[in-house]
Amino acid sequence: MDAFILQVLNGLDKGGAYALIALGLTLVFGTLGVVNFAHGALFMLGAFCAVIVKKVLTLERVELDPTQLTAWGSPVEIRTHYIEEWFGDFGTLLIDFSVPASIFLAIPIMLILGIVMERGLIRHFYKRPHADQILVTFGLAIVIQEIVKAQFGANPIPQATPEMFSGSADIGVLMGFAQNTVVYPWWRIIYLIFAGVILSSVFAFLQFTTFGMVVRAGMADRETVGLLGIDIDRKFTIVFGLAAVVAGVAGVMYTPILAPDYHIGMDFLVLSFVVVVVGGMGSLGGAVAAGFLLGILQSFASMNEVKSLLPGIDQVIIYLIAVVVLLVRPRGLMGRKGVMED
Amino acid sequence: MNWLNINKNDRNLLIGFIVVVLLGPLIMEPIGGGYPDLLQKFAIFGIFAIGFNILFGLTGYLSFGHAAFLGIGSYTAVWSFKLLTMNVIPAIILATLLGGFFALIIGFIALRRSGIYFSILTLAFAQMSYNLAYSVLTPITNGETGLQLRLHDARVVDGLFGVERTAGLPNTELFGLAMSGWNGYYFCGFLAIVGFFISLRIFRSPFGLMLRAVKSNQHRLSYTGLNTRPYTLAAFVISGMYAGLAGGLLAVTDPLAGAERMQWTASGEVVLMTIFGGAGTLLGPVIGSAVIKYFENIFSSFNEGILLNAFSFLPEGLQQAFAWTVGLFVGEGWHLTLGLLFMFIVIFLPGGLMEGATRIKSLFQSSTKGSPPIQKDLPVEKS
């Protein structure tokens with residue numbers, strides 16, 4: 001039982017990331033009707049926002065202290081972070097919390113990037129075939145990826161968890177298990193909560209605001225909404241920006257779990273597409289549910305007991321499920337009729 | 001050539017293709033590509049792209065998993081070298097057949113869906129094969145190291161014919177003719193010609209017409225009471241066989257096979273080549289793959305030293321600046337150029353280089369003769 005719960009928890013945080021990316025993909029697809037292969041690149045850019053913030057915060061001044069010598073006989077270098085010099089303890093705290101702090105940078109940057117991307121490129125592809133959309137966004141993803149690679153190198157850049165959350169929580173005790181049976185890192189709990197908050201706020205935004213209502217109306221029947229005198233294109237542009245922000249912050253918060261490198265976006269994108277298809281193209285709830293479902297199943301498949309029964313299952317489970325779902329329920333788990341059916 | 005049953009234009013095209021393949025070394029010499037390694041790649045990836053084009057160009061089904069068949073072809077060929085003989089004939093025949101066999105299985109399932117679902121399904125299958133090749137199938141694929149020849153491989157058939165074992169690793173050969181250098185190129189070139197001819201015949205056949213009908217409107221075709229699945233499946237299997245052959249040839253020219261050949265970026269590459277040249281055209285994919293492989297070769301060989309040299313006529317500061325800017329796009333950054341190029345093609349020239357050529361031609365014709373512009377072909381993809 002405890003192993004079971006542990007696997008569910010392990011699956012949840014990965015599922016959270018899948019769900020956040022898949023949500024953005026579905027939003028873009030449902031509103032603009034565009035299949036965006038560059039969405040993973042947005043996740044990656046978000047992650048690199050955290051890298052940049054960390055870099056900026058830890059800019060330092062190097063002084064040589066001639067009075068002290070190192071073992072090699074050269075003067076000791078004293079490194080001081082500017083930020084600590086200026087803000088004292090608050091600066092230290094800021095460095096420690098660089099990952100969560102990056103969100104404040106990531107939100108405006110991703111919003112602007114998303115809007116620029118939509119206005120500059122995607123807009124011209126509404127009327128083109130889906131294959132063209134896939135291809136052009138695929139090209140864009142390569143370009144973004146290569147720029148990041150040229151700038152930051154090909155190696156993963158690990159990001160530290162804030163000191164406060166670096167340990168693990170023994171949550172098994174809360175559920176009445178013996179100590180140290182169900183141990184779960186704090187940061188993953190944070191990530192899970194974070195994913196939940198983002199997901200529910202996006203849903204609340206769409207459900208309870210006028211803007212969201214117009215967007216939903218536009219998803220159902222774009223033309224009629226346009227005839228009512230609403231500039232639906234502008235709203236959809238903002239939705240694209242929103243999707244970019246969701247992917248971006250998902251990337252920021254994921255950095256302590258998985259060190260970002262330039263192809264992290266592509267790795268997640270392929271899986272997220274599978275998630276979207278399993279959930280049902282165009283269904284927001286389906287995307288989220290499928291994200292968590294596949295995350296959990298993946299973590300179960302990587303249990304040793306399962307692996308000894310079916311070797312290699314952990315590598316292929318997600319794809320296998322996608323194949324089965326598409327064949328049994330062609331529209332995905334919660335797909336609507338008439339979406340993406342030529 | 002009447003027995004080939006093709007019209008005059010096609011005959012000229014075919015003869016032209018054969019001449020270009022035969023004179024390849026001479027043609028490429030002045031632009032620095034006249035060596036067998038590169039020309040082999042042209043031929044092999046040309047075959048790969050020709051096959052992909054039969055599926056994508058004719059039926060409009062965009063597969064993102066063709067690299068899986070390429071990888072399967074490579075593994076099969078290397079196993080044939082290890083177990084049977086160093087002769088390349090069984091290797092490429094087996095590679096082609098096995099590529100086709102896997103295409104049959106995957107196609108049977110994936111072709112139940114169309115559009116983006118088909119793309120995702122093929123992608124899923126390719127990633128599955130890639131992951132399996134890396135993990136559980138290690139006894140067959142040798143995992144990360146890649147499958148290689150060894151001194152003590154069985155080579156049963158060679159043993160039967162009493163081929164002497166060499167001291168080092170044996171070379172691939174065609175009845176005693178070593179498949180390295182120019183021999184290798186002409187072997188691949190010959191198969192490229194055969195592949196091109198078959199694709200030409202498919203394009204002009206009733207079967208090809210049926211595939212085009214699938215692309216322009218599959219629903220209408222089904223309303224006429226016709227089951228389109230056998231046709232699309234046949235196209236998928238044929239293109240899988242081409243991919244298997246290309247994979248086998250990769251192993252012929254360099255007998256080792258690694259799982260990275262099956263990764264989805266490799267599938268993306270063949271899509272790119274086909275689109276770049278012009279999907280749905282006969283020559284387009286070959287040209288696309290040759291151009292991409294050529295520039296890959298040229299561009300990725302540049303390094304900082306060469307660049308600084310090239311800009312040495314400029315003042316020091318400018319020299320550095322120029323070299324740095326250009327350096328972003330060449331060498332390691334070659335993929336950036338490729339991505340930009342790819343976007344450019346999709347945005348402005350959806351028909352690829354072939355459409356560009358047609359447009360330029362029509363530009364000249366309309367300006368000189370005032371003839372009406374050539375009617376633009378319909379986009380090749382499904383909507």
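## Exercises on a predicted two-chain model

Over all chains, the structure holds 26 aromatic pairs, where rings of Phe, Tyr and Trp (its six-membered ring) pair if their centres lie within 6.5 Å, and planes under 30 degrees apart count as stacked, over 60 as edge-to-face and the rest as tilted. This is a predicted model, in which local features need pLDDT of at least 70 and side-chain atom pairs count only at pLDDT 80 or more, while totals for chains, interfaces and linings use all residues. Residues are numbered from 1 along each chain as its sequence is written, chains are lettered from A in the order in which they are written, and side-chain values use heavy atoms, with hydrogens and water left out.

**Exercise 1.** Classify the ring pair of Phe52(B) and Phe56(B), and place both residues in their helix.

*Solution.* Begin with the geometry: the centres are 5.8 Å apart and the planes enclose 35 degrees, so by the cut-offs the pair is tilted. Next, locate the residues, which both lie in helix α3 (residues 36–59) of chain B, four residues apart, about one turn of the helix; helices here are DSSP runs (H or I, at least four residues), numbered from the N terminus. Finally, both Phe52(B) and Phe56(B) are buried, a term that stands for under 20% relative accessible area (1.4 Å probe, protein chains only).

**Exercise 2.** Describe the interface of chain B and chain A by its contacts, its area and its composition.

*Solution.* First, 39 residues of chain B are in contact (heavy atoms within 4.5 Å) with 41 residues of chain A. Second, the two chains bury about 3800 Å² between them, 79% of it on carbon and sulfur atoms, this being the accessible area (1.4 Å probe) lost on putting them together, summed over both. Of the area that chain B buries against chain A, 18% is supplied by Ile116(B), Tyr117(B) and Trp264(B), more than by any other three residues. Third, α6 (115–134), α13 (264–277) and α17 (334–348) of chain B are the elements that each give two or more residues to the side touching chain A, and α6(B) provides the largest share, twelve residues. Last, the residues on this side of chain B divide into 24 nonpolar, ten polar and five charged.

**Exercise 3.** Determine whether Gly284(B) is buried or exposed, and list its contacts beyond its neighbours in sequence.

*Solution.* Gly284(B) lies in helix α14 (residues 284–301) of chain B, and it counts as buried because its relative accessibility is 0%. Leaving aside neighbours within four places in sequence, Gly284(B) is in contact with Gly277(B), Gly278(B) and Met354(B).

Terms used:
Ala, Val, Leu, Ile, Met, Phe, Trp, Tyr, Cys and Pro count as nonpolar, Asp, Glu, Lys and Arg as charged, and the others, Gly among them, as polar. Buried means under 20% relative accessible area, exposed over 50%, partly exposed in between (1.4 Å probe, protein chains only).
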